[in-house]
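Trainee: Please take one part of this model and go through it closely. I would like a single connected account rather than a list.

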Amino acid sequence: MAKDKEDQQKVVATNRKAYHDYFIEEKFEVGIVLKGTEVKSLRDRRVNLQDSYAGVKDGEVFLYHCHISPYSHGNIMNHDPVRTRKLLLHRKEINKLLGKTQQKGLTLIPLRIYFSERGQAKVELGLAKGKKQHDRRDSIKAREAGREVERAIKERK
C-alpha cells in the first residue's frame, strides 16, 4: 500500500544529508505556500534542501534557507531564491511541534519536497535530534556491516 502512494508522488528533492546528521523521530506532511515561478522551478527540480530548516514563529511554521532557483523563462517578476516560505499545518500540529522543539531540543528539518497526486507541492518535515560524531561513526559501521553480510550472501549463491 505504501509503495502505491510513493508511485503517485513525484519527488522533486530529497535531503539525504538530514539522515546522516540527525535521528529522525517523527515525520509530518505539510503544504507550502509558493509563488508561480517557484512552482515551475520545482517542476524542473531546481531546488536545494541541504542547509534548510523549519521553525515556529508567531504561531506559524516557516521554512528557512530553502534554495529554489529562479525560473529560467521568468521575467522581472521572478522570486527571491532563498526567501522564507510559509508552511501549512493544522493548529494542533503546530502546537505539538512547538512544544517538542522547545522542550526536548529537537529541530524541524525538511526531508523531501514532492508533488502529491492532486498536483500540490508538499514538504515532508522531520522532527529530528542531532547526531554526535560517535553516533555518525556507529551508523557508518552498521551500514558497512550490513553491506558485508549482503555480499557474503550473494557470493554463496
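Mentor: Start with a contact between a side chain and a ring: Arg 112 lies over the face of Tyr 114, 4.3 Å from the ring centre. A charge is taken to sit over a ring if NZ of Lys or CZ of Arg is within 6 Å of the ring centre and within 35 degrees of the ring normal. Arg 43 lies over the face of Phe 115 in the same sense, at 4.2 Å from the ring centre.

Some ground rules come next. The model is predicted: local features need pLDDT of at least 70 and side-chain atom pairs pLDDT 80 or more, while totals for chains, interfaces and linings use all residues. Residues are numbered from 1 along each chain as its sequence is written, and side-chain values use heavy atoms, leaving out hydrogens and water.

The part to look at is strand 8 (residues 107-115). Strands here are DSSP runs of E with at least two residues, helices are runs of H or I with at least four, and both are numbered from the N terminus. Of the 9 residues of strand 8, 8 are buried, so the strand is largely enclosed by the rest of the structure. Buried means under 20% relative accessible area, exposed means over 50%, and partly exposed is in between, with a 1.4 Å probe and protein chains only.

Strand 8 has antiparallel partners: 4 bridges join it to strand 1 (residues 10-14), and 8 bridges join it to strand 9. Two strands count as paired if DSSP finds at least two bridges between them. On the strand 1 side, Ala 13 has Ile 113 as its bridge partner. On the strand 9 side, Leu 108 is matched with Leu 127. The hairpin of strand 8 and strand 9 has 5 residues between the strands, and Gly 119 takes a positive phi near 85° there.

Now follow Leu 127 across. Leu 127 is in strand 9 (residues 121-130) and counts as buried because its relative accessible area is 1%. Beyond its neighbours within four places in sequence, Leu 127 is in contact (heavy atoms within 4.5 Å) with residues including Leu 108, Thr 107, Leu 106, Phe 23 and Leu 97. Leu 106 is 21 residues from Leu 127 along the chain, yet their C-alpha atoms are separated by 6.4 Å.

Gly 130 is also in strand 9, but counts as partly exposed because its relative accessibility is 39%. Its contacts, again not counting residues up to four places away, are Asp 21, Tyr 22 and Phe 23. Tyr 22 lies in strand 2 (residues 22-32). At 26% relative accessibility, Tyr 22 is partly exposed, and its contacts include Thr 107 and Ile 109 as well as Gly 130.

Last, the interior. The largest nonpolar core has 26 residues, and Leu 42, Val 47, Leu 87 and Ile 113 have the most contacts inside it. Such a core is a set of buried Ala, Val, Leu, Ile, Met, Phe, Trp, Tyr and Cys residues joined through side-chain atoms within 4.5 Å. Strand 8 and strand 9 are among the elements that each supply at least two residues of this core, and the largest share, 4 residues, comes from strand 9. Leu 42 touches Ile 113 and Phe 115, among others.
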